[in-house]
Amino acid sequence: MREIIFDTETTGLDSRDDRVIELGGVELVNRFPTGKTFHHYINPQGRAIHAEAQAVHGISEADLAGKPTFAEIVEEWLAFTDGAKLVAHNATFDIGFLNVEFGRLGHPVIDNGLVVDTLALARRKHPMGPNSLDALCRRYGIDNTRRTKHGALLDSELLAEVYIELIGGKQAALVLDSATAPARGNENVRQIEIVISQRPAPLPPRLTEAERGAHAGMVATLGEKALWLKVVGN
């Protein structure tokens with residue numbers, strides 16, 4: 001199974017008017033990172049960056065001078081994500097921006113059936129929150145000290161670690177020890193001897209003599225062919 005964990009940075013919050021200025025992603029195959037990544041800064045073609053947005057991601061208009069346009073990187077992105085599920089934190093935001101960018105170029109919108117929203121996963125798993133990316137990194141002990149500003153590739157790398165934890169965590173490694181292995185079949189699996197000790201004294205009976213007598217009287221009424229007598233052997 002192939003998944004792309006991705007993130008965008010934008011000029012602002014309105015997908016109808018603002019533009020994507022950074023797009024990053026990392027590839028997982030069967031929930032393990034492959035080392036393949038995608039990352040581009042993108043020229044917004046004259047769209048100004050809102051001061052509030054710049055305060056979050058730190059990207060200025062000067063930083064984007066000479067960078068490729070979305071049209072120039074879209075085919076590379078489509079090839080990178082082809083056939084994969086798309087995983088994002090608050091995916092509605094990122095998918096909304098990508099769909100508008102695709103629409104400007106005549107590309108079809110993203111199939112919602114291929115989208116996984118880690119914010120929705122986190123809210124179901126941790127309903128009391130908080131469930132921001134930083135909060136989830138703290139919850140799962142993921143080092144996010146490099147994240148002084150939002151960044152599409154760095155956030156994708158952090159989110160990949162968070163996503164693996166949200167869906168069950170990394171598989172614990174098996175304890176292997178060939179010195180204590182059995183002779184055949186499972187050569188590398190450690191054998192553990194479990195010893196069950198005996199009680200120093202038996203537990204006292206929980207039935208009273210009156211209860212025992214009442215039970216014996218009930219059994220006597222069942223007759224010689226009673227199924228109970230076959231079960232208990234008397």
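When I say contact today, I mean heavy atoms within 4.5 Å. Keep that in mind for Phe-70. One caution before we start: this is a predicted model.

First, the overall layout. The protein has 234 residues, and 35% of them are buried. Its secondary structure comes to eight helices and five strands. Reading from the N terminus, the order is β-β-β-α-α-β-α-β-α-α-α-α-α. Now the contacts with a separation of 6 or more. Of these, 63% join residues 24 or more positions apart.

Let's go inside. The largest nonpolar core holds 20 residues. Which of them touch the most other members? Those are Ile-4, Phe-6, Leu-23, Phe-70, Trp-77, Leu-98 and Phe-102. Several elements give two or more residues to this core: β1, β2 (20-29), α2, β4 (85-88) and α3. Another core lies apart from it, with 18 residues. Val-116, Cys-137, Leu-153 and Leu-159 are among them.

Back to Phe-70. Leave out residues up to four places away in sequence, and what does Phe-70 touch? It touches Leu-23, Ile-42, Leu-98, Glu-101, Phe-102 and Leu-105.

Next, the rings. The count comes to six aromatic pairs. One of them is Trp-77 with Phe-80, 6.2 Å centre to centre. The planes are 40° apart, and the pair is tilted. Where do these two sit in the chain? Both belong to helix α2, residues 70-81. They are three residues apart there, so about one helical turn separates them. Are they buried or exposed? The cut-off for buried is under 20% relative accessible area. Trp-77 has 1%, so it is buried. Phe-80 has 11%, so it is buried too. Trp-77 and Phe-80 also join Phe-6 and Phe-38 in one aromatic cluster.

Last stop, the largest pocket. How do we find empty space at all? Rolling a probe the size of a water molecule over the atoms shows where it is left. The largest pocket contains about 510 Å³ of space. Its lining has 23 residues. Nearest the centre are Thr-8, Glu-9, Val-56, Phe-93 and His-150. By type, the lining divides into seven nonpolar, nine polar and seven charged residues.

Which elements supply at least two residues each? They are β1 (2-10), α1 (51-57), α3 (91-105), α5 (133-139) and α6 (152-166). The largest share, five residues, comes from β1. So keep an eye on β1 as you turn the model: it gives residues to the largest core and to the lining of the largest pocket.

Conventions: Residues numbered from 1 in each chain as written. Predicted model: local features only at pLDDT ≥ 70, side-chain atom pairs only at ≥ 80, totals over all residues. Heavy atoms only, no water. 1 Å grid on protein atoms, 1.4 Å probe; cavity = no way out; pocket = protein on both sides within 12 Å on 5 of 7 lines; lining within 4 Å. Points joined across faces, edges and corners; volume = space filled by probe spheres on them. Helix = DSSP H or I, 4+ residues; strand = E, 2+ residues; numbered from the N terminus. Nonpolar A, V, L, I, M, F, W, Y, C, P; charged D, E, K, R; others polar. Phe/Tyr/Trp six-rings, centres within 6.5 Å; stacked < 30°, edge-to-face > 60°. Buried < 20%, exposed > 50% of the residue type's maximum accessible area, 1.4 Å probe, protein only. Core = buried A, V, L, I, M, F, W, Y, C linked by side-chain atoms within 4.5 Å.
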